[in-house]
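Reader: I would like to go through this model with you, beginning with its pockets and then turning to its charged pairs and its backbone.

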Amino acid sequence: MDEVVADALSRHISLYNAEFKTAFNPADLKGRDLHEAVPQAHAKRTSQFPHEEGFFDDLTVFPHCQEVIRELQEKYEIFFASAAMEFRHSLVPKHQWLHEHFPFVPWTHHVFCGDKSIINADYLIDDRVKNFTGFRGEGILFTAPHNEGITGYRRANDWLEVRQLFLG
C-alpha cells in the first residue's frame, strides 16, 4: 500500500520537517530511505515515526489510483497486499483506509502479511524490491524516490502507466 496507493512518504517527511525544522523534500532521497538520507543524529528518531499511533491515518491516495484500480477490476482480480504488521499501529488504520478509499474492492481481497512471497498472483506492484523475493509472478516496481536507480524490473512511474501496462 505505502508508496503505491497511499502516500506515506509525504507524511514521513512532513513529520521530519516539523520536528527538526528542516525543508527536506523527496528529491533529497536520491535512492535512499528517509532515515538514510537525514543527518545521522536524526536517523533513529526518523525511523520511529511510522511506529507511532496516527502515522497511517488518512494518508493521501496517489493520483488516478482509484479510477485505474476500478478499471483493472473489470479484467483482473485485484488484491491489496500490505506488510501491515511491520508497524504496530498500522494494521487497523490501513484496513480502514482501504475500506474508505477502495470500497469497491471487497475486504476478502485485503491481504495483510509480513512476507509477500505467500501471494499467489501473476503480478505484484510494489515499491520495494525485497517484496519480489520468492514471489512467483512478475514484480512491477512502482517508482518512488527511495528506489531511484534500481534496474532489472519492469517499472510503473504512476497509475496512468499502470493502466497502460495492463489495459493498453
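Reader: Taking the lining of the largest pocket by class, how many residues are nonpolar, how many polar and how many charged?

Author: Since this is a predicted model, the counts that follow are computed from predicted coordinates. In the lining of the largest pocket, 8 residues are polar and 11 are charged. The nonpolar class in that lining numbers 15.

Reader: How much space lies in the largest pocket, and which residues are the closest to its centre?

Author: The space in the largest pocket comes to about 700 Å³. The lining of this pocket is made by 34 residues, and those closest to its centre are Asp2, Asp33, Glu86, Phe87 and Arg128.

Reader: Which element gives the most to the lining of the largest pocket?

Author: At least two residues of that lining are supplied by each of α1 (8–20), α2 (34–37), β3 (80–82) and β5 (123–126). Among these contributors, the one that gives the most, with 3 residues, is α1.

Reader: How much space lies in the second largest pocket, and which residues are the closest to its centre?

Author: For the second largest pocket the space is about 600 Å³. It is lined by 22 residues, of which the closest to the centre are Glu77, Ile78, Phe79, Tyr123 and Leu124.

Reader: From which element does the largest share of the lining of the second largest pocket come, and how many of the lining residues are nonpolar?

Author: Helices α4 (65–72) and α6 (159–167), together with strands β3 and β5, each supply at least two residues of this lining. The largest share, 3 residues, comes from β5. By class, the lining holds 1 polar and 3 charged residues, and the number that are nonpolar is 18.

Reader: Which residue in helix α6 forms a salt bridge with Glu67?

Author: In Glu67 and its partner, the closest N and O atoms are 3.1 Å apart, and the partner is Arg163. The pair links distant parts of the chain, with Glu67 in helix α4 and its partner 96 residues away in helix α6. Glu67 is partly exposed at a relative accessible area of 39%, and the partner, likewise partly exposed with 22%, is Arg163.

Reader: How far apart are the closest N and O atoms in the salt bridge of Glu71 with Arg163?

Author: Glu71 lies in helix α4 and Arg163 in helix α6, 92 residues apart, so that this pair links distant parts of the chain. Glu71 is partly exposed, its relative accessible area being 30%. In this salt bridge, the closest N and O atoms are separated by 2.8 Å.

Reader: Is Asp127, the salt-bridge partner of Arg128, buried or exposed?

Author: The closest N and O atoms of Arg128 and Asp127 are 3.8 Å apart, which falls within the 4 Å allowed for a salt bridge. Arg128 has a relative accessible area of 28% and is therefore partly exposed. Asp127 has a relative accessible area of 6%, and because the cut-off is under 20%, Asp127 counts as buried.

Reader: How many salt bridges does the count come to?

Author: Besides the pairs discussed above, a network of salt bridges links Glu19, Arg45 and Glu52. The count of salt bridges comes to 9.

Reader: What is the area of the nonpolar surface patch that includes Leu91?

Author: Leu91 lies in helix α5, which covers residues 91–101. With a relative accessible area of 36%, Leu91 is partly exposed, and because patch residues need over 30%, Leu91 meets that condition. Met85, Leu91 and Val92 make the patch, and its area is about 260 Å².

Reader: Is Val38 buried or exposed?

Author: Val38 is found in the loop between α2 and α3 (40–48). Its C-alpha atom is 9.2 Å from that of Tyr16, a residue 22 positions away along the chain. The relative accessibility of Val38 is 7%, and because this is under 20%, Val38 counts as buried.

Reader: What is the phi of Lys21, and what is the phi of Lys30?

Author: Lys21 has its place in the loop between α1 and α2, and Lys30 is also placed in the loop between α1 and α2. Lys21 is exposed with a relative accessible area of 74%, and Lys30 is exposed with 58%. Neither residue is a glycine, yet phi is positive in each: for Lys21 about 55 degrees, and for Lys30 near 45 degrees.

Note on methods: Residues numbered from 1 in each chain as written. Predicted model: local features only at pLDDT ≥ 70, side-chain atom pairs only at ≥ 80, totals over all residues. Heavy atoms only, no water. 1 Å grid on protein atoms, 1.4 Å probe; cavity = no way out; pocket = protein on both sides within 12 Å on 5 of 7 lines; lining within 4 Å. Points joined across faces, edges and corners; volume = space filled by probe spheres on them. Helix = DSSP H or I, 4+ residues; strand = E, 2+ residues; numbered from the N terminus. Nonpolar A, V, L, I, M, F, W, Y, C, P; charged D, E, K, R; others polar. Patch = residues over 30% accessible without salt bridge, like charges linked within 9 Å, V, L, I, M, F, W, Y side chains within 5 Å. Areas by Shrake-Rupley, 256 points an atom, 1.4 Å probe, with all protein chains shown as cover. Salt bridge = Lys/Arg side-chain N within 4 Å of Asp/Glu carboxyl O. Buried < 20%, exposed > 50% of the residue type's maximum accessible area, 1.4 Å probe, protein only.
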